[in-house]
Amino acid sequence: MKKTLLLIIALCCTVVAGAQSTDEISAILQHGDDVSVYKGSTGLKQAHAAASDGDVITLSRGSFDPVNIEKSLTIYGAGFEDNEETNTAVTTINGNINVGKADPVIDGLHIEGVKINGNLAGTQILKNYTVQRCYITGNLTFANNIENVKVKQCRIGGNLDGSKTVVATGLHITNCYVWGEINYFSNESIVNIDHSFIGYQYNTYYDYNDYNNFAQFLWTNSIIYNRGPNYRMATGNYATVKNCIVVNGGGGIRDNNIIENCYYVDLANLFDDAEDGVYTESRTFKLKDEDTYKGTDGTPIGPYGGDGWNKVPSTPYVKNLNATVDGVSLDVDYDAGVR
């Protein structure tokens, strides 16, 4: 409670400062009971340099310079889309981010509520890593082994992949919208794609035998839409596909997959809010026929089911701020809560 209160006080100070200089952006570093504020587009870099493992960095709305993350931190942004009703704004990290350090293990990194205008690349071993409620305009990639990695309620404009030598021991992709492809993890990997929409765009230069570079994924409760050439199957060799919707006319599932309770549906007849798979800020991915197309958990297939398509970061927010001066004192009235 004390740490949350200190963070809210720091947020209040930031808002008061912002009232004097329009939309001044800042990064708030919380180290135990100590709170520091770093202003401007370099705020994230400064906060990261001053941080220790286990610290929390909270970013305001606005655009920040990218940083190579080398510490086990929790990084919160204001969101990846503006929405007054849900008190979200856009925190942009304007460039590629690499995650890794000379000591090859980062354990416990959490990134939430930011738009990364570029790629998010894991370069070293990552454990207990969470990317949640983020928009990555490029690719989310892993160049080394990972363990217990969660990608949740994210929009990814490119691909999510590793390499055929990268072992993913517990990669969970849930309630995500991935416009590219998910591939290239070693066959001993454990990867589950659940309640997601996967768009796929395969290029014709891939060799047919390249399927062997896919892990034997578990696909559950997801919508599989291959926008590329039909010969390039979406799910890879020996995958297990349960309670998924495969969009007709765009490739699909390999013959050697284990298939249970799947549906083949035209894209135009699938969603309640649009007749295509193109992302917009208003998309809910609600199905026209939720009673027929249910997942293994009894909720609708796709991002609308499961834990839902929730884009609101779980950070404290301050609104209805009123600051007045009483002699040498600053009186601050505000409404605070957690999204």
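Biologist: Leaving aside neighbours within four places in sequence, which residues is Thr240 in contact with?

Modeller: Beyond that sequence window, Thr240 is in contact with Phe217, Leu218, Trp219 and Ile258, where contact means heavy atoms within 4.5 Å. The model is a predicted one: local features need pLDDT of at least 70 and side-chain atom pairs count only at pLDDT 80 or more, while totals for chains, interfaces and linings use all residues. Residues are numbered from 1 along each chain as its sequence is written, and side-chain values use heavy atoms, with hydrogens and water left out.

Biologist: What makes Thr240 buried or exposed?

Modeller: The relative accessible area of Thr240 is 19%. Buried means under 20%, exposed over 50% and partly exposed in between, with a 1.4 Å probe and protein chains only. Thr240 is therefore buried. This residue belongs to strand S26, residues 240-242; strands (E, at least two residues) are DSSP runs, numbered from the N terminus.

Biologist: What is the mean pLDDT of the protein chain?

Modeller: The mean is 85, and 79% of the residues reach 70 or more; pLDDT is the predictor's confidence in each residue, from 0 to 100. Residues 13-22 have pLDDT below 50, and this stretch has 9 contacts in the model beyond near neighbours in sequence. Residues 203-208 are also below 50, with 10 such contacts.

Biologist: How do you know that S8 and S12 pair?

Modeller: Pairing requires that DSSP finds at least two bridges between two strands. S8 and strand S12 (residues 120-122) are joined by 3 bridges and run parallel, so they pair by this definition. Asn98 stands opposite Ala121 in S12.

Biologist: What makes S8 and S21 edge strands?

Modeller: The open sheet has 5 strands with parallel pairing, in the order S8-S12-S15-S18-S21. Strand S8 (97-99) and strand S21 (182-183) each pair on one side only.

Biologist: In which sense do S1 and S2 pair?

Modeller: Strand S1 (residues 26-31) and strand S2 (residues 34-39) are antiparallel over 6 bridges, and Gln30 stands opposite Val35 in S2. The two strands form a hairpin with 2 residues between them, and Gly32 in the turn has a positive phi of about 60°.

Biologist: What is the phi of Asn175?

Modeller: Asn175 has a positive phi near 50° and is a residue other than glycine. Most residues other than glycine have a negative phi. Asn175 lies in the loop between strand S19 (168-174) and strand S20 (177-178). Its relative accessibility of 2% is set against the 20% limit, so Asn175 counts as buried.

Biologist: Where is Phe285 found?

Modeller: Phe285 is in the loop between strand S29 (263-265) and strand S30 (316-326). Its phi is positive, about 65°, although Phe285 is not a glycine. With 0% relative accessibility, Phe285 counts as buried.

Biologist: Why is there no bond from the sulfur of Cys134 to the closest cysteine sulfur?

Modeller: A disulfide is a pair of cysteine sulfur atoms within 2.5 Å. The closest cysteine sulfur to that of Cys134 is in Cys154, at 5.0 Å, which is too far for a bond. For Cys154 the closest cysteine sulfur is in Cys176, at 4.8 Å, again too far for a bond. By this rule the count comes to 0 disulfides. Cys134 is buried, with a relative accessible area of 0%, and Cys154 counts as buried at 0% relative accessibility.

Notes
Helices (H or I, at least four residues) and strands (E, at least two) are DSSP runs, numbered from the N terminus.
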